[in-house]
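Please open the model in your viewer and keep the sequence beside it, so that each selection can be followed in both. The tour moves from one selection to the next.

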Amino acid sequence: AMRLSGALAPVCARWRGYATKVDIGALKRLRQLNPVSLGKAKEALLNSDNDIDRALRWLEKDALAAGAQKAEKVKDRVACEGGIAVHIDEAHSAGSIVELSCETDFVARNAAFVDLASDIARTSAAFAAGCPGADTPLASVELDRLAAATLGERTVAAAVTESIGRLGENIVLRRAAVVGAPGAADSIVVSGYVHSGVAGSRGGSAGKIGGLVALHSAIRDAEHRGTLSQLAKRLAQQVVGYAPRHASLAEWERAKAAGAAVGDPATTVLEAQQFLFGGGTVGEVLDKLSRGLASPIKVVSFVRFERGEGIEKPAKADFAEEVRRQLA
C-alpha cells in the first residue's frame, strides 16, 4: 500500500476535517462557550480541525446522541420530582406554566435543569395565541406541538434529550398550560408565582408549586394595568397557597349542578376564600378595588400546578442503589 510522506500527511488530515493537535486558545474559548469536560472539548476540536463553530456543532450532535442513548436506558424510571416554571410576557397579557419532571430533587435543583424548565416555559408562552378569547383565556398546550417547537437552535424535544444525557436521569415534559386573549390583550392582565423556587443561571426559576391568574378589566391605561398585575401576582400566591378549584360561586354552582364533588365554597372557591393579604374575602377585595376604579375587575381564569401530582412515588432506594443508578 502507498504511504503518505511526512509532509503530506498533516495536509490530508486537514482535508478530512481532522486536526492533529489541539489549539490551546480554541480549547479555552470552546469551554467558555460550552463547559464540557476537557477531554470532550479536545475531541470536538480534533474532529473539527480546531474550528470553534464546527466544534460547537459537533458537541451538540454528540450530546444529542449520548442523550438519546441514555434516554432509552432510563425511559421506564419514574420521574416524580422536578420543577414548575412560569413565564409572563412583558405586557402581562399572556403567561405560561410548565411541569418538567425528573427522578430526584438533586437534579431538580440543578441550574441546568432549572434553565431548561424556564426556557420551555418561555417557549410555550407563544401558544397563548391559541387561547379561545377573553372569556376563556386558559388553554392546555398539546405536548407534541410543544416538543416540536423551536428552543434556540433545536427543538424542545432535542433539548430534553440532551439534558437526559448530561444529567443522567429520566426527564419528562409532563404538562403545560397558557393564559392569554388574542384581540383582547389590553383588557386581560396575567401574572404568576412559583413557590420554593430554585434560581437557574440565566434569571429563571422553577419550584414545587406554581400558579397563573388572569384578571379582566375594561380600564386599559398603563398605571391601572400595573396595579392589576400586582394584584394578579398576589392572587397567584393565593392560588398556590390555598389551592382553590373554582374562580367564582357561579362556576362552583355550575359544577355542583353537573354532579361534581365541589366541597365547601369557603375553601374551594377563590372569590370566597379569605384574601391571603387581608381585607376580607378575595371577592370583597375585588369589589372594593372595582368601586375605587369605577370599573369591574374579575378573575377570569387561574391554573395551579404542583409537581408530581397524580404520580405514585416508588419505594425509596437505599444509598448504594441510588449511586448505582446514577452511574448506569
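Begin by selecting Tyr242, Leu276 and Phe277, which in this predicted model form a nonpolar patch on the surface, with about 280 Å² of accessible area together. Keep phenylalanine 277 highlighted and trace the backbone on either side of it: this residue lies in the loop between helix H11 (265–268) and helix H12 (282–293). Its relative accessibility is 37%, and because buried means under 20% and exposed over 50%, phenylalanine 277 counts as partly exposed.

Next, select serine 248, found in the loop that joins helix H9 (222–242) to helix H10 (249–257). Is serine 248 buried or exposed? With 18% relative accessibility, serine 248 counts as buried. If you show what surrounds this serine and set aside its neighbours within four places in sequence, you will find serine 248 in contact with Val269 and Glu271.

Now move to helix H6, residues 111–124, and place a distance between its end C-alpha atoms: they are 20 Å apart, which agrees with the 20 Å that 14 residues should span at 1.5 Å a residue. Colouring H6 by accessibility shows a helix that is mostly covered, with 11 of its 14 residues buried; among them are Phe113, Val114, Leu116 and Ile120, as well as Asp115 and Asp119.

Finish at the N-terminal end of H6, where asparagine 110 acts as a cap. Display its side chain together with the backbone of alanine 112, and look for the side-chain oxygen of asparagine 110 that lies 2.8 Å from the backbone nitrogen of alanine 112.

Notes:
Residues are numbered from 1 along each chain as its sequence is written. This is a predicted model: local features need pLDDT of at least 70, side-chain atom pairs count only at pLDDT 80 or more; totals for chains, interfaces and linings use all residues. Side-chain values use heavy atoms; hydrogens and water are left out. Patches are made of residues with over 30% relative accessible area and no salt bridge: like charges are joined within 9 Å, nonpolar side chains (Val, Leu, Ile, Met, Phe, Trp, Tyr) within 5 Å. Accessible areas come from the Shrake-Rupley method with a 1.4 Å probe; for residues, only the protein chains shown count as cover. A salt bridge is a side-chain nitrogen of Lys or Arg within 4 Å of a carboxyl oxygen of Asp or Glu. Helices (H or I, at least four residues) and strands (E, at least two) are DSSP runs, numbered from the N terminus. Buried means under 20% relative accessible area, exposed over 50%, partly exposed in between (1.4 Å probe, protein chains only). The expected span of a helix is 1.5 Å times one less than its number of residues. A polar contact is a pair of N or O atoms within 3.5 Å; within protein, one must be able to donate a hydrogen and the other to accept it, and residues adjacent in sequence count only if both atoms are side-chain atoms. Contact means heavy atoms within 4.5 Å.
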